[in-house]
Each structure stands twice: as C-alpha cells, then as structure tokens.
Amino acid sequence: MPQTYTRLLYHVVFSTKSRESWLEPAWRPELYELIGGVVRNRKGEMLAIGGVSDHVHLLLRLPATRSLSDVVRDVKANSSGWLHDRGVFAFDWQDGYGAFTLGPSAIRGVSTYIENQEAHHARASFADEMRAMLLASAATEDELRDWG
C-alpha cells in the first residue's frame, strides 16, 4: 500500500490538578481557541471543545503521524503557559487524561454532549461523568479505582 490512511476520532477528557475550579467562564472561549490552535498546529482537527470550571472535553481527529499522548502533552503545556502568562500562577492540569475512540456516526452526539457541559454538570459531578464513560468503554475494576 503506497500511503497510510487513518480516520481516528478521540474524545479526550482531562481535569485541573486536584479538580480545582480554575477555568473561569469569562476566558474559556479564548482558552479553547488556544487549545484548538495547538491541535491544528499538530495537523489535527478540533471537532468540539467544552467544559466547566474543573475539566475540559475535546473531540478531535488526529493524523497517523501524531500520537495522542504527544498532542495532549502539548495542549496541556501550551494552555498552562497561557494561563500562567495571565497571572494564574498556581494553575496546573492533572497528570493523566481519559481518551475514548469513536466512530464517525458518534460525532454529532458527542459534540452536542461536549457543547452542553454546563447543563450536564448541573446534574452530575466530574467523578460520576468519568465513571459512566469508563463503564461505557468496558473499563476494568482497577481502571475505575484509578479514577476515584
């Protein structure tokens, strides 16, 4: 085969360190634009982004030449630097992240879910949300325990 073809879609979730409420609604749009720019600079495509004060969700497509872990690392590093430049010196992201693959037919539903995070979290905590996502992806008991 002369070329590589992938169509890999990821729903990525990560929180602020200790799940503290650092992500102010007033500057989330600018933060999300910065994150989208990092993804684009890595030749990826940001399909949806959203979150609340203590975590973000990304729906993205990455080319075969980019690893998810490298892109998430770069997103976290660049966005942390951006926040520090704005005086949020104590800010940091959690060490890890959750990532779930999905097929093209799920894009619309996952995008809507991501865009409606404020309403969703009026009813469910981040811990409950992650547990549900892990259970839906057939996570093991050890994986569930790791997310607390």
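The paragraphs below lead through the fold, the nonpolar cores, the largest pocket and the surroundings of one histidine in a predicted model.

The protein chain contains 6 helices and 4 strands, and these elements follow one another along the sequence in the pattern β-α-β-β-α-β-α-α-α-α. Of the 148 residues in the protein chain, 45% are buried, while the area that the chain exposes comes to about 8200 Å², with carbon and sulfur atoms supplying 51% of it. When contacts are restricted to residues at least 6 apart in sequence, 71% of them join residues that are at least 24 apart.

The interior can be approached through the largest nonpolar core, which has 25 residues and in which Phe14, Leu23, Leu58 and Leu60 have the most contacts. At least two residues of this core come from each of strand S1 (8-15), helix H1 (28-41), strand S2 (45-52), strand S3 (55-62) and helix H2 (68-85), and the largest share, 6 residues, is that of H2. Leu60 illustrates how such a core residue is surrounded: leaving aside residues up to four places away in sequence, Leu60 touches Leu8, Leu9, Tyr10, Val39, Glu45, Met46, Leu47 and Leu68. Leu9, one of these partners of Leu60, is also included in a second, separate core of 6 residues, together with Ala48, Val110 and Ile114.

Where the structure opens into its largest pocket, the volume is about 160 Å³, and the lining is formed by His11, Phe100, Tyr113, Glu129, Ala132, Met133, Ala136 and Ser137. Helix H5, which covers residues 126-136, gives the most to this lining, with 4 residues. By residue class, the lining of the largest pocket divides into 5 nonpolar, 2 polar and 1 charged.

Two of the lining residues, Tyr113 and Glu129, lead on to His120, which touches both of them when residues up to four places away in sequence are not counted. His120 lies in helix H4, residues 117-120. Is His120 buried or exposed? Its relative accessibility is 17%, and because a residue under 20% is classed as buried, His120 counts as buried. The C-alpha atom of His120 is separated by 9.8 Å from that of Gly51, although the two residues are 69 apart along the chain.

Note on methods. Residues are numbered from 1 along each chain as its sequence is written. This is a predicted model: local features need pLDDT of at least 70, side-chain atom pairs count only at pLDDT 80 or more; totals for chains, interfaces and linings use all residues. Side-chain values use heavy atoms; hydrogens and water are left out. Buried means under 20% relative accessible area, exposed over 50%, partly exposed in between (1.4 Å probe, protein chains only). Contact means heavy atoms within 4.5 Å. Accessible areas come from the Shrake-Rupley method with a 1.4 Å probe; for residues, only the protein chains shown count as cover. A nonpolar core is a set of buried Ala, Val, Leu, Ile, Met, Phe, Trp, Tyr and Cys residues joined through side-chain atoms within 4.5 Å. On a 1 Å grid over the protein atoms alone, a cavity is a set of points where a 1.4 Å probe fits but cannot get out, and a pocket is an open set with protein on both sides within 12 Å along at least five of seven lines; lining residues have an atom within 4 Å of a point. Grid points are joined across faces, edges and corners, and a volume is the space filled by probe spheres set on the points. Ala, Val, Leu, Ile, Met, Phe, Trp, Tyr, Cys and Pro count as nonpolar, Asp, Glu, Lys and Arg as charged, and the others, Gly among them, as polar.
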